[in-house]
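Student: Could we go through this model together, starting with its core and then moving to its charged pairs?

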Amino acid sequence: MKKYNFDEIIERRNTNALNTDGFRSYIFGASDDDESMKFPYEDDEFIRMWVADMEFATPDCVLDKIRERLDKRILGYTRIFSNEYYNAFRSWCEKRYGWSFEKEELLTSNGIIPALYALTGHILEKDEKLLFLTPSYAYFQYSADANGNEAVYSNLINNDGYFEIDYEDFAKKASDEKTKLLIFCNPHNPTGRVWKKDELEKIGEIIEENNLWVISDEIHCDLLRKGQKHIPLGKVMPNYKRLITCMAVSKTFNTAGLMFSNVIIRDEELREKWNKTHINFENPLSIAGAMGAYESGEDWLEELREYLDNNFKVTEEYLKENLPKSKFRISEATYLAWVDLSEYFQAEEDLSEFFAYKAGVLLEGGRMFVQNSDCFIRLNLAMPKAMLMEGLERISEAVNNKIDAQL
Ligand code: LCS
């Protein structure tokens with residue numbers, strides 16, 4: 001008997017949700033109130049498979065802690081003073097990943113994006129370069145852009161839908177004397193790869209050889225398919241000081257709007273730099289919610305993972321049957337499916353636009369993932385199955401209509 005209801009469809013409009021109201025700017029670069037940007041679908045008719053938050057309710061273990069905190073009735077300036085939060089997060093990491101860290105290394109931030117921007121600025125001089133693997137979550141690029149640094153890319157190799165690191169290329173880029181920082185996404189968005197021990201060790205060796213700073217962005221690390229295991233990069237590089245690890249409850253428990261994440265900085269000097277410029281107040285509701293997640297969120301998470309595993313399975317089956325020329329391997333982690341539609345589209349086609357206009361589906365595709373991503377779409381599968389099936393049907397119908405029209 002299941003304890004949680006992931007089939008419930010929850011109305012998100014009128015909550016200032018980016019997911020429902022922010023797609024015009026985020027996906028299409030328009031203004032969010034641009035009346036001229038019309039689609040054959042009303043805004044509430046779209047199936048939304050884009051931004052990485054979930055259509056599922058945040059679990060009660062999180063909401064109840066927030067309610068409890070609200071009931072204390074004063075929401076004044078707040079910072080983490082007690083050991084409670086550190087203990088809860090450390091226990092989570094010890095239990096799930098067999099890894100931990102010292103209390104003084106743990107800092108918090110209003111999200112990982114602000115942390116990436118700030119750390120890039122602290123670490124790099126203006127003429128130095130930021131390296132990451134592509135395709136990539138675009139905010140790695142934006143961190144370089146915001147700080148006026150050049151970005152360098154190492155393309156992953158696509159082995160029949162399984163993405164692997166090109167160590168030779170990576171080592172070459174890492175050895176450029178101007179390359180000083182790597183942002184490493186573990187597990188990887190958008191391909192969903194969970195980097196295995198031997199892969200992490202090889203990457204670790206190259207990092208050490210070149211004395212690179214590395215930010216290991218592990219925000220997706222709780223969202224693994226059954227049978228997969230997350231290994232923090234810090235676990236294979238236990239004594240490497242130039243390593244920063246970012247983790248959060250926000251993806252796992254659907255609390256991205258609470259703007260709260262963990263930034264574990266080993267290097268003392270960098271921590272000092274951070275502390276000098278970082279306004280380290282936190283939202284009391286965010287701390288309460290994160291405590292609820294770390295202390296009592298495991299059984300909800302295990303059921304969520306089963307539900308996601310099934311959504312991936314039905315997506316694989318549906319695509320095989322209805323878009324037989326699409327190429328798709330179930331992601332090892334994340335709730336994001338990375339689907340290759342190169343048999344149906346040309347590189348220059350704007351896939352997000354195509355699916356918004358022709359299918360009524362909001363998704364991110366192609367160039368939105370920096371490079372090495374032409375003809376791919378990324379589908380967010382974290383939604384009730386009924387909604388997912390509707391999205392898949394619309395996607396395949398639109399592609400099949402396009403093919404029929406070309407015949
Ligand atoms: N890092 C990675 C790898 C992410 O995928 C995301 C969110 C973030 C950081 C953002 O962290 P935050 O600032 O919320 O703590 N990923 C998103 C995505 O792929 N689409 O929408 C959000």
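What follows is a short set of questions and answers on packing and salt bridges.

Tutor: Happy to! This is a predicted model, in which local features need pLDDT of at least 70, side-chain atom pairs count only at pLDDT 80 or more, and totals for chains, interfaces and linings use all residues. Residues are numbered from 1 along each chain as its sequence is written, and side-chain values use heavy atoms, with hydrogens and water left out.

Student: Which element gives the most residues to the largest nonpolar core?

Tutor: A nonpolar core is a set of buried Ala, Val, Leu, Ile, Met, Phe, Trp, Tyr and Cys residues joined through side-chain atoms within 4.5 Å, where buried means under 20% relative accessible area, exposed over 50%, and partly exposed in between (1.4 Å probe, protein chains only). The largest one has 38 residues, and Phe56, Tyr85, Phe89, Phe101, Leu304 and Tyr335 have the most contacts inside it. Helices (H or I, at least four residues) and strands (E, at least two) are DSSP runs, numbered from the N terminus; those giving two or more residues to this core are α3 (60-70), α4 (84-97), α11 (284-296) and α12 (298-322). With seven residues, the top contributor is α4.

Student: Leaving aside neighbours within four places in sequence, what is leucine 304 in contact with?

Tutor: Leucine 304 is among the residues with the most contacts inside the largest core. Contact means heavy atoms within 4.5 Å. On that basis, its partners are Phe6, Met54, Phe56, Leu223 and Thr252.

Student: How many residues are in the second, separate core?

Tutor: Among its members are Ile203, Leu212, Leu362 and Phe369. The count for this second core is 36 residues.

Student: How far apart along the chain are arginine 13 and aspartate 44, which form a salt bridge?

Tutor: A salt bridge is a side-chain nitrogen of Lys or Arg within 4 Å of a carboxyl oxygen of Asp or Glu, and here the closest N and O atoms are 3.1 Å apart. Arginine 13 sits in the segment before α1 (18-21), and aspartate 44 in the loop between α2 (23-28) and β1 (47-48). The pair thus links distant parts of the chain, 31 residues apart.

Student: Are aspartate 64 and arginine 67 buried, exposed or partly exposed?

Tutor: Their side chains meet in a salt bridge (2.7 Å, N to O), and both lie in helix α3, three residues apart, about one turn of the helix. Aspartate 64 has 39% relative accessibility and arginine 67 has a relative accessible area of 43%, so aspartate 64 and arginine 67 are both partly exposed.
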